[in-house]
Amino acid sequence: MSRSHTDITAPVKANQRYLLAIYLIFFFSGLAALVYQVVWVRSFSLVFGGTHLAVTTVLAIYMAGLAIGGALFGKHVKESPLRLYGQLELGIAFLALLAFGLARVYPEIYAFFAQGHESDKILLTLIRLGFCTLSLLGPTILMGGTLPVLSRCLSPSGANISRHLSFLYGFNTLGALAGAGLTAFVFLRFMTVSSTYALAIVLNTLLGVAALRLSRHQPSPKDSDASVPKGEEISDRHGLRPDTSFSYKLVFWGIGVSGFCALGYEVLWTRILTLFIGASVYGFATMLCAFLAGIAVGGYAFGLLPKRLWSQGSAAIVLFGVVQMLIGGTAILVSYFLRDVSTLALWLADVFQTSAVGGVSLYVSFLLAFLFMFVPAFFMGMAFPLAGTAHVSFKGAVGKGVGEVLSINTVGAILGAAVSGFALIYLIGIERSLQLLIAINLGWGLLVLLSLSGKRVLSGVGLLALGSGLILVVSHPSWLQVWDQDFFAMYENNRPDIYGDPEAVDYVLKNSEVLYYGEGTEAIISVIKVKGSHQGMNVNGKTVASNMLYDRQCQLTLGHLPMLLHPEPKKVLCIGLGTGITLGATSVHPSLEKLTLVEIEPKALGAAQTFARDNHKVLDNPKLNIVHLDGRNFLLTTSERFDVITADPIHPWAQGASYLYTREYFRLASERLAPGGVMCQWLPLYEMSPQDLKSVIRTFKEQFAYTLMWGTHYDGEIIGSNSPIPLDEETLQKRIEQRGIKADLESVYMGSAREFLSYFVMGSKGFEAFGRDGVTNTDENLYLEFSTPLSTGMPERVPENLAELSRFREDIVDYLSPASQSDPQWSNWLAVTRLYDQAHIQSFWGGKPNGYGMWLQTLEQEAPWFGPGQTLNALYRAERAKDPVLIERLDLQVAGMRPELDTLTFACLLRPKNKVETSLVFVDNQQRTILAEYAFSTPLPPNAARQFSTGVMDRVRKIYEGVSQSMQAGSKPDRGDLLEKITAGIQQEAQKAREDKTPLFTQEIRRQG
């Protein structure tokens, strides 16, 4: 009995181990493929630029290779498929190594062909296509051949093809998920790009060797026919009708349509979720992992379905149609609930309290991405093995059938990414684009189901329904619109708490105006005007610039500082537009002859137009030449030399932006400076750790012989040159006095040479000392891209960085010209800066100490010429102007748990918000709790607030007296119960005032309580 049992089970167990080994090999193959994809996109972005067009070009070649490989190897795989698979893996490793070597020499070759043609998008695209094809087509063709080869290996006759194809597809995609996560969170964070790439090559090599060894022990299949007898696994004998070839063809083409929609959804969902999750490398990796997880589980789940659900008759075709409609149906739900994503994010944040990454916790980012992407992606994953199984049955050949399905799906994916990213967003916007994709999924699913009837009339009805749906979506912009575009325009992902409930959102919407909203290829950009206050520019849910004092000061410094430090700037390059204030600052200098702007996102121009009053209407300046390109790629391809280069890039925590802070980038900029040229670079002092700051300083200093740093309120502005930079007060004063320059600088407390120079922080020696312990940020280690996101949502970083910079401050006298050094005014420079640094650092902590105002007053008296002190004083005065003013107070004796709570101090305060709004606030002063708040337009009618407050106080006295009289002698009212009654009384008094249309409440802006 024992021997017999062993004889029966041993082959079964051996076969199970063999299958598990195949699936694991394909899992790690998917992991390696995703590592290659990430590294190739990054590497070629450095050569071709980081624009969506350049990235899509690389991805298109990558996926085209997969499509070609699927079709090519699917047709020709015959004997020993596992041995062929091992050879494919070894071939991938070899060609990947060759591609990596080619990528190292491409910058020089690319620059040779592209130089002087930086504005010719067609030529640049052709060059990119040529280079990418030469490098990537070989290894990706071999990658594309792996699935059909392994499918042929595990199911040579087509028996159980559904199960094997499902598990292969699921394991491979699960490997891709692991590759995406490990690359973003581990490999590139703790290893160099080359080491990560080498790891993938080694992995492919090991997989190839393992497959070759496994092929020697491959179990003998029961049959070895290359073809599948029609009807063996999927039979139409009991179906609706014997001839279903048209329906099978619709399934085949439908998997291409499914690929088109899938990549379209991914592009569009990623773009909109970026507003809420953030644009860091971790945010993008999270969204990719969520999408891949759904596809992997869906692909695997199909193999677990009972065969009776789809193997008889035309059930497989029915199931494919239903799956397409489920994709569309779940996509409808995702699109609908995206309007409430901010509320969901805050609810999840209450549940998962952890360190902030991109404004919300990492856990919340994962959950948001999975909640919105996983279910639709699950059905997308199920569609592939379902279509593959049906097509194998229809074609009668395993390798060929799987290869063709892989090819058509991949081609659809290429088109979906390109059309959604380039055309649909521009033409009809993100929400309408998603509805278009939904209509395609639903319409195609309906068409597949109706085709089974065999009646052309019904198929025609399906086509008509599909076409009508597409036309309705495109031609009726307001049809089924559920998103509030103004809310998306205003949302800030680093301040999610201010959008916590409908009332808060309503308040934001009522008191702000959307001046501009644009969904571009590279980013979503909006401009928001706060009533009675400033206007700010948002990029992907993050405020990047505004016309507030401290932001204007930084932007004007980035423009005027390098222009004033160069003796005669004629040719100027500005990288990054933003509000246009920096660009406008350079345009007013009289020596300027040619001004070049490099801006990656065309939609930024419309946003900058709304700041025309602040930027000298620079976009209309005839000296301006605009190039829509990645700034780094422009420096690589241009043959021009510039007197001044000023750069205001996105914060380095944004994915890809750290390449504008690397050694290689600063070297490029240095090489593009004319003799005596000056470069100025923005240096954020927020959302970066002191170690990150040291990294930028060290990296910058390594590429420039002479360096200087200016410091404004929130930011630093660093200067680099290969020639000495004289700081002569008299010369600067003459140049500042010129028309246009003085008006700009006076508005930000820099209106004289002395004020302007007072923002000096350090020079070359200080750079050396400060950056000594920093990590040089390179294209290889990507230090800042993976380090800076860990500091987002941490306001304490600003005072920490200011304190660290204060330790390395230098005496400006050491950098002044001899004539300027003799001025005794500079003798107390270090004493003044020590006092200022102390006050500046303290201004960023939660509460300002007693005497903070005295520090500023002393600073103003002892050094009235010190510009940073004037700025701090102006900000402090503006802050104090918003301090609440006590109107009335009422002390009530209550029963408190502690002696200090025996008195309830009920107070009415008048709190100015801005130029157009004032709030009347009723508070429990001990608990610092707001009981009710009413916002009114300013100015208020004379005595109106006091009259209403007096009425409320009278009502509160009556409430207190009534509660006290109902209690036993000597007892005091309960604090909590009394507060509830008082709050209700305030609301009743306010409602009565509204009904009586009192002068105060006719000016009410926001109703609360």
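I began with strand β13, where I found that the bridge partner of M679 is G720. I noted that M679 belongs to the pairing of β11 (residues 673–684) with β13 (residues 715–721), which run antiparallel and are joined by seven bridges. I took strands as DSSP runs (E, at least two residues) and helices likewise (H or I, at least four), numbered from the N terminus. I counted two strands as paired if DSSP finds at least two bridges between them.

I recorded that the model is predicted: local features need pLDDT of at least 70 and side-chain atom pairs pLDDT 80 or more, while totals for chains, interfaces and linings use all residues. Residues are numbered from 1 along each chain as its sequence is written, and side-chain values use heavy atoms, without hydrogens and water.

I next traced the open sheet of eight strands, whose order is β9-β8-β7-β10-β11-β13-β12-β14 with mixed pairing. I found β9 (624–627) and β14 (760–762) at its edges, each pairing on one side only. I read an average turn of 20 degrees between neighbouring strands, direction ignored; axes are lines fitted to C-alpha atoms, for helices over the stretch in contact, and angles run from 0 to 180 degrees between N-to-C directions.

I then looked up helix α16 (residues 549–565), which lies across β7, β10, β11, β12 and β13 and runs at about 20 degrees to β13. Contact here means heavy atoms within 4.5 Å.

I turned to the open sheet of four strands, ordered β3-β4-β5-β6 with antiparallel pairing. I noted that β3 (512–519) and β6 (542–546) have a single partner strand each, so one side of each is left without a neighbour in the sheet. In the pairing of β3 with β4, I found Y516 opposite V527.

Finally, I searched for cavities, meaning sets of points on a 1 Å grid over the protein atoms alone where a 1.4 Å probe fits but cannot get out; lining residues have an atom within 4 Å of a point. I counted five cavities of 30 Å³ or more, a volume being the space filled by probe spheres set on points joined across faces, edges and corners.

I read about 150 Å³ for the largest cavity. I found 17 residues in its lining, with V761, L802, R809, D837 and H840 nearest the centre. Helix α29 gives the most to this lining, with four residues.

I read about 40 Å³ for the second largest cavity. I listed its lining residues, including Q553, H713 and Y836, and noted that helix α31 (residues 867–880) supplies the largest share, three residues.

Terms used: On a 1 Å grid over the protein atoms alone, a cavity is a set of points where a 1.4 Å probe fits but cannot get out, and a pocket is an open set with protein on both sides within 12 Å along at least five of seven lines; lining residues have an atom within 4 Å of a point.
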